[in-house]
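Here's a walk through one model, from a cavity lining to strands, sulfur links and charged pairs. Have the viewer open as you read.

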Amino acid sequence: MNSKKLVLLLCLIFPYFSHAQHNHSQHNPVNCSVSKEAGALIKARLMQNRQLFDTKEVEDLVNKRTITYLPLSIHNVSGDASGTGKTPEATILAFLCGLNAFYADQNIQFYIHNSIINRVNTYIYNNAGSNTSANYMVSYKVAGTINLYLSASINNAGSSWYSPQGDYIMLQKNMLTAAAKTESHEIGHFFTLNHTFYGWEGIDAEADYSGQNVPNNIGSGWSAFTPEKVPRSGSQSNCNQAADGFCDTEADYYSARTNCPYNPTMKDPNGYSLDPDESNIMSYASDNCVTQFSTEQKTAIAVDIAARNWVNTSPNGTADVTGLTTPVSPLAGALLGPITNSTVRIEWDPVPNATMYYLEVFGTYFFGAVNTSTVIFKGVVYGGNAFYNLPTTD
C-alpha cells in the first residue's frame, strides 16, 4: 500500500517587482575568483568607509533603517540571437527569492530594475573572464544599480566573481540556485566584505604549516601579509586590521572548499589553535554550512549602502507594496497533512501590482521523515489569482 504524501511549503511566494509596474555548481567559493589585487581594492574601500561616519551615525544606519531596496540590473547573456544558453527566467526569480531571504534580517530587499536585460555577446558567453568580456560588461552597466551578469562562460566555467575595478558581478549560470549562497557571497564582496581568510587565497596553509605556528609575515613584496591572530582583543589581537578586518569573524587560514566542522592543525603565530566559523557566508565552507553574516559584516554592508547613496530610496512602482506575501493556507513551513484529493490548494495574500510569484513546494512524508530532495513543484505562478491548485498523487 502506498504511503500518504505530505507536502512542505518551504520557500514562500515572492513578488516580482519592476519599474514597468508604475571552480562547481552551487556555492563553491573556491570558484569565487577574487585575486589578491581585487581583495586589496575591496579592503581599501572598507577602510575608507570607516572614515565616513562617526560611531553614532553608524549605529543609526544599523538600528534605525527601514527596508532598503537595492536595484539589480540583471544582464542575461546568451551566445546567439536565438537565446542559446540564456538563463531561464524561473531560475532568476528563484535566486532572487533566496537572495532576499538571506538578506532579510538586514532590512535589505533586492528587486529587478526595469526588466531583465537579454544580451547576445559571444565573448561573455564563451569566456566571461577575458579582458574583452570585462570591457563589454563595464560598457553595459546601468548606473545606480548593482549589475549582475549571468553567463555560461562555457570555455571558462569555473567561477563567479565581483570585479572591484569594474564594480559589477559575474555569476556563473550553473552556480545559480534558489538558496542563493553564491549570489549572497558575491554581493557581500560588492559591499566591501572580503573572504574570512583574506590573504590566504591560493595558499594551502594546511599543507604548508600542518602542526606548526604560521610565521608572523607571509609572502613578499606587495602581496605580503600578516596573518590574523586568534585572540579577539588585547595586545595580541590584530583582527580589526588583518585579514577581512572584522573581529567577530574568527581567524581563518583555509582557502580550500571544506565541509564542517573543520579542525585545522596549523596555529596562529603565537601558538593559538584556529577555530574558523564555517557558518559565515564569506568563508569557503560548503553550502550546507554557510548561513549568516556576522554583526560587523552587516554593519559594513549598511555603511557601504549609505556611501552608495543611490540605494536609499524605494523603487519606482512599488510604493503601494506593503510587504512580503503572507501565507493563508498552509502557514509558512507547515505540513499540509494527508493528501486525499488529486489537488492541493496553496493560498496567499496577493501583493498589489505583482504580476508573478515564485513558488516552491517540496518534501514527502514517509515513515516519519520529510524528504526535502523531492520537488513537488518549483516555478513561476502568473497572474493575480491568489489560489493555486497544486497537482500531486497519493
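For sorting a lining by chemistry, Ala, Val, Leu, Ile, Met, Phe, Trp, Tyr, Cys and Pro count as nonpolar, Asp, Glu, Lys and Arg as charged, and the others, Gly among them, as polar. Keep in mind that this is a predicted model.

**The cavity**

With that sorting in hand, the lining of the largest cavity comes out as 6 nonpolar, 2 polar and 3 charged residues. The charged ones can be picked out of the lining by name: Asp252, Asp277 and Glu278. Thr258 and Ser283 are the polar pair. On the nonpolar side sit Tyr254, Ala256, Tyr262, Pro276, Tyr284 and Ala285. As for volume, the largest cavity holds about 60 Å³ of space.

**Strand β2 and its partners**

Next, take strand β2, which covers residues 68–78. How many of its residues are buried? The tally is 11 of the 11, so β2 is largely enclosed by the rest of the structure. Buried here means under 20% relative accessible area.

You can follow that burial on both faces. Thr68, Leu70, Leu72, Ile74, Asn76 and Ser78 point one way from β2, while Tyr69, Pro71, Ser73, His75 and Val77 point the other way, and all of them are buried.

Which strands does β2 pair with? One is β3 (residues 108–112), in the parallel sense over 5 bridges. Within that pairing, threonine 68 has isoleucine 108 as its bridge partner. Strand β5 (residues 146–151) also pairs with β2 in the parallel sense, again over 5 bridges. Then there's β4 (residues 117–120), which runs parallel to β2 and is joined to it by 4 bridges.

Asparagine 76 is a handy residue to click on. Its bridge partner in β5 is leucine 150, and in β4 its bridge partner is asparagine 118. Asn76 belongs to the set that points one way from β2 along with Thr68, and both are buried.

**Disulfides**

On to the sulfurs. A disulfide is a covalent bond between the sulfur atoms of two cysteines. The structure holds 2 disulfides, and counting bonded cysteines along the chain gives the pattern 1-2, 3-4.

One of them joins cysteine 239 to cysteine 247, with an S to S distance of 2.0 Å. The torsion about that S-S bond is about 95°, so the disulfide between cysteine 239 and cysteine 247 is right-handed. Both of these cysteines are buried.

The other joins cysteine 260 to cysteine 289, at 2.3 Å S to S. What's the handedness of this one? Its torsion is about -95°, so the disulfide of cysteine 260 and cysteine 289 is left-handed. Cysteine 260 and cysteine 289 both lie in the loop between α7 (205–209) and α8 (295–307), so the pair ties together parts that are 29 residues apart in sequence. Their surroundings can be read from accessibility: cysteine 260 is partly exposed, with a relative accessible area of 36%, whereas cysteine 289 counts as buried at 6%.

One further cysteine, cysteine 97, counts as buried at 8% relative accessibility.

**Salt bridges**

Side chains of opposite charge can pair when their charged atoms come close. The count for this model comes to 6 salt bridges. Here are three of them, with the closest N to O distance for each.

| Acid | Base | N to O distance |
|---|---|---|
| Aspartate 60 | Lysine 56 | 3.0 Å |
| Glutamate 228 | Arginine 232 | 2.9 Å |
| Aspartate 304 | Arginine 308 | 2.8 Å |

Start with lysine 56 and aspartate 60. Both lie in helix α2 (residues 55–63), 4 residues apart, about one turn of the helix. Lysine 56 counts as partly exposed, at 46% relative accessibility, and aspartate 60 is also partly exposed, at 27%.

Is glutamate 228 buried or exposed? At 2% relative accessibility, glutamate 228 counts as buried. Its partner arginine 232 counts as partly exposed at 23%.

That leaves aspartate 304 and arginine 308, both of which are buried. This pair also belongs to a wider arrangement: salt bridges that share partners join Arg45, Asp167, Asp304 and Arg308 into one network.

Methods: Residues are numbered from 1 along each chain as its sequence is written. This is a predicted model: local features need pLDDT of at least 70, side-chain atom pairs count only at pLDDT 80 or more; totals for chains, interfaces and linings use all residues. Side-chain values use heavy atoms; hydrogens and water are left out. Buried means under 20% relative accessible area, exposed over 50%, partly exposed in between (1.4 Å probe, protein chains only). Helices (H or I, at least four residues) and strands (E, at least two) are DSSP runs, numbered from the N terminus. Two strands pair if DSSP finds at least two bridges between them. On a 1 Å grid over the protein atoms alone, a cavity is a set of points where a 1.4 Å probe fits but cannot get out, and a pocket is an open set with protein on both sides within 12 Å along at least five of seven lines; lining residues have an atom within 4 Å of a point. Grid points are joined across faces, edges and corners, and a volume is the space filled by probe spheres set on the points. A disulfide is a pair of cysteine sulfur atoms within 2.5 Å. A salt bridge is a side-chain nitrogen of Lys or Arg within 4 Å of a carboxyl oxygen of Asp or Glu.
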